Number of protein chains: 2
Amino acid sequence: MAGSERADAARNRAAILAAAADLFDRDGAEQVSMNDIARAAGVGKGTLFRRFGDRTALIEAVLYPRVAAMLTLVEQGPPPLGPGGEPVAALHAYLDSLLDFVWTNRTLIRALEHHGPYAYYANPSSQYWISELARRLNAVRPGENTDYLTHVLFTALRADVIDYLVSGRRMDPDRVRAGLHRLAGS
Amino acid sequence: MAGSERADAARNRAAILAAAADLFDRDGAEQVSMNDIARAAGVGKGTLFRRFGDRTALIEAVLYPRVAAMLTLVEQGPPPLGPGGEPVAALHAYLDSLLDFVWTNRTLIRALEHHGPYAYYANPSSQYWISELARRLNAVRPGENTDYLTHVLFTALRADVIDYLVSGRRMDPDRVRAGLHRLAGS
DNA sequence: CTACGATACGGACCGGCGGTCCACATCGGC
DNA sequence: GCCGATGTGGACCGCCGGTCCGTATCGTAG
């Protein structure tokens, strides 16, 4: 059957994704080598690269379902996060969700951030989060130039930044949240 | 002579620093291996590690004189950047200087940013820049809690962020500058 | 049930990295 | 000119991400 996946291949793909997710979440993505993942999945290294191409793609594949879940909430969920809500509430709900998402998946996202020059920003998901952020900011501040503010807010939502503030500086996550909302304006 | 450096050792140290600075500035620090530097300096790899310990320390050593120069201006130069100026002007002069410093040395600073979890923030220079920023912010906004704002501003001054905005997004550096000043408040 | 091409497998292998080690060379005070 | 302290350089180490290819497995056509 053309375009379809052999049964053993599908089994291995699932095993690799599960093993990678486990190891990444437990040890931090930067500490886990491709060999580690292959061994944990009970699979040869070649299989792993054949399925996913390279390390970055594997990380993105692990992250993908979590991105998709959040995307669904943003695009089709109930207000204020979903469409149809009042602009100020929509903006704040969006910031909260992003903050939560980044915090929960910080080890994976950090690994993407620290790969290549603009690799993280070039990621399609990032592009989407940024443009959606710009949209919601503009709805709250029509006419204003929110370009720079958009990027500052997005940068303040980087995993390494949040992680540094919360884990390194022991800043209360609610303080971070409040700071973000304050920057975004009422 | 105890504590002193043999003549050949001093010569090699200078050669290594010069070669490293050249290569880093020309090719971007992330592209340059320790072997490259050793070869360019006409020195064995062992010598390079004996002098500087590891890659991070070498990068810091290359950056050090530039940091020291800026430090002198901040601590002993004429107002508004140096001490004695009016608080608002002092803050804005400081932001401008930091922006300029980061942009000029972006390849070196990026290399530090992408090393270990909090390596960049743990760097003594960073600690100083941050605390000085907090001081000047507080002088302008007495009584307010400027903790989070301080870190957001400092993050907005990361080399990878500025580089992404200016080189990647083609944002006018003056726009970045204006945005920073706006965030810092009048 | 068999035969057979397409597909997938796994681990030896590759080049290059940061970092270490140590037999040997050089330096410089006496 | 002697000789211990200091410095040197490149072979070497373990590990990384990524590739290659002889072999095993799959699933279909007959």
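## Contacts with DNA strand C

In this predicted model, a polar backbone atom of Ala7(B) lies 2.9 Å from a phosphate oxygen of DNA strand C. Such a pair is a polar contact (N or O atoms within 3.5 Å; within protein, one must be able to donate a hydrogen and the other to accept it, and residues adjacent in sequence count only if both atoms are side-chain atoms). Bases of strand C are also contacted: a base oxygen is 2.2 Å from a side-chain N or O atom of Arg6(A), and a base oxygen is 3.2 Å from a polar backbone atom of Gly46(A).

## The surface near strand C

Around DNA strand C there are 21 residues, a residue being near if one of its heavy atoms lies within 4 Å. By class, 5 are nonpolar, 6 polar and 10 charged; Asp, Glu, Lys and Arg count as charged, Ala, Val, Leu, Ile, Met, Phe, Trp, Tyr, Cys and Pro as nonpolar, and the others, Gly among them, as polar. The largest share, 5 residues, comes from α3(A); helices are DSSP runs (H or I, at least four residues) numbered from the N terminus.

## DNA strand D

Arg6(A) also reaches strand D, with a polar side-chain atom 3.1 Å from a base oxygen. A polar side-chain atom of Arg50(B) lies 3.3 Å from a phosphate oxygen of strand D. The helix giving the most to the surface near strand D is α3(B), with 5 residues.

## Conventions

Residues are numbered from 1 along each chain as its sequence is written, and chains are lettered from A and ligands numbered from 1 in the order in which they are written. Local features need pLDDT of at least 70, side-chain atom pairs count only at pLDDT 80 or more, and totals for chains, interfaces and linings use all residues, while side-chain values use heavy atoms, with hydrogens and water left out.

How values were computed:
Helices (H or I, at least four residues) and strands (E, at least two) are DSSP runs, numbered from the N terminus.
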